[in-house]
Amino acid sequence: MDSRWPSVSQKVESLLVRGIEQLGLKELEKAVPGLLIYIRELKKWGQRINLIARESSDQQIVEHHFLDSLSLLSLVDFQSSDTNLLDVGTGGGFPGLVLAVSCPQAKFTLVEPRQKRVVFLRHIIRTLQLENVQVYGKRLEQVPEIQGAHVTHVTSRAVAPPLEFLEMVEPLMHTGCQAVVMMAREERYNELADQQNRFSVVRTVRLQLPLSGAQRILALVRASL
């Protein structure tokens, strides 16, 4: 095996557990075994298909993909069975599939047009026997049934800058769905706050990722009336 992709080690488990604790999410400790299997498979499949940057260290994998995804629990109640998060362009499952593994009560819908990634996502769902998540291997506009589904929240990590993403999902937001916007820079948040005629920020959470101290800004947004 490529030395850049070692098997999941005690170090990875320690990083994950420590990060979860520092995010104040000790209730997720029961999800750690499933998340470790996810990390193991991500590293294994990452040798063949482009899921994350191949030069990623263990700490970067744990923090940038898993802890970053779990940070959304500071903004949305994923312990509720009424919550249904739509993750647009989920890639390797971030944040939607990580949250699905960790929060079995809520529902998750993943949209990802790249078929190799869809195969990986379905492999994780099968391996962990997840019953709270479904995957559409298409672009969002090619899945019209989502418009009629009971989607309570919509998010995306890397499909487009915040305002472009909100414009993309605005039709969903006019049905009562709220957007969860993930940002790393204050100027992105300021651009969003300037759009009050179209979008209203319901709640904002600022935090630092626990291992590196990198800043994250999460905003819950609804369409303005």
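Buried means under 20% relative accessible area, exposed means over 50%, and partly exposed covers what lies in between. Keep that handy for the exercises below, and remember that this is a predicted model.

**Exercise 1. Work out where F78 sits and whether it is buried or exposed.**

Step 1: Find the segment. F78 belongs to the loop between α3 (58–70) and β1 (84–88).

Step 2: Check the area. F78 has a relative accessible area of 1%, and buried means under 20%, so F78 counts as buried.

Step 3: Look at who surrounds the ring. Skipping neighbours within four places in sequence, F78 is in contact with L72, L73, T83, L85, L99, C103, Q105, A106 and F108.

Step 4: Try a far-off residue for scale. L209 is 131 residues from F78 in sequence, and the C-alpha to C-alpha separation is 19 Å.

**Exercise 2. Take the salt bridge between D58 and K43 and say which helices it joins.**

Step 1: Get the distance. The two side chains meet at 2.8 Å, N to O, and the cut-off for a salt bridge is 4 Å.

Step 2: Place the partners. D58 is in helix α3 and K43 in helix α2 (residues 32–45), so this pair, 15 residues apart, links distant parts of the chain.

Step 3: Apply the opening definition. D58 and K43 are both buried.

**Exercise 3. Do the same for R206 and E186: are they buried, exposed or partly exposed?**

Step 1: The distance first. The R206 and E186 side chains form a salt bridge at 2.6 Å, N to O.

Step 2: Now the elements. R206 lies in strand β6 (residues 199–208) and E186 in helix α8 (residues 186–193), 20 residues apart, and the pair ties together distant parts of the chain.

Step 3: Read off the areas. R206 comes in at 44%, so it is partly exposed; E186, at 28%, is partly exposed too.

Step 4: Put this in the wider tally. The count for the model is 12 salt bridges, and R40, E41 and K44 are linked in a network of them.

**Exercise 4. Describe the largest pocket: how much space does it hold, and which residues line it?**

Step 1: Volume. The largest pocket contains about 300 Å³ of space.

Step 2: Lining. There are 17 lining residues, and H65, T90, F94, R157 and A158 are the closest to the centre.

Step 3: Chemistry. The lining splits into six nonpolar, six polar and five charged residues.

Step 4: Source of the lining. Helix α3 gives the largest share, three residues.

Conventions:
Residues are numbered from 1 along each chain as its sequence is written. This is a predicted model: local features need pLDDT of at least 70, side-chain atom pairs count only at pLDDT 80 or more; totals for chains, interfaces and linings use all residues. Side-chain values use heavy atoms; hydrogens and water are left out. Helices (H or I, at least four residues) and strands (E, at least two) are DSSP runs, numbered from the N terminus. Buried means under 20% relative accessible area, exposed over 50%, partly exposed in between (1.4 Å probe, protein chains only). Contact means heavy atoms within 4.5 Å. On a 1 Å grid over the protein atoms alone, a cavity is a set of points where a 1.4 Å probe fits but cannot get out, and a pocket is an open set with protein on both sides within 12 Å along at least five of seven lines; lining residues have an atom within 4 Å of a point. Grid points are joined across faces, edges and corners, and a volume is the space filled by probe spheres set on the points. Ala, Val, Leu, Ile, Met, Phe, Trp, Tyr, Cys and Pro count as nonpolar, Asp, Glu, Lys and Arg as charged, and the others, Gly among them, as polar.
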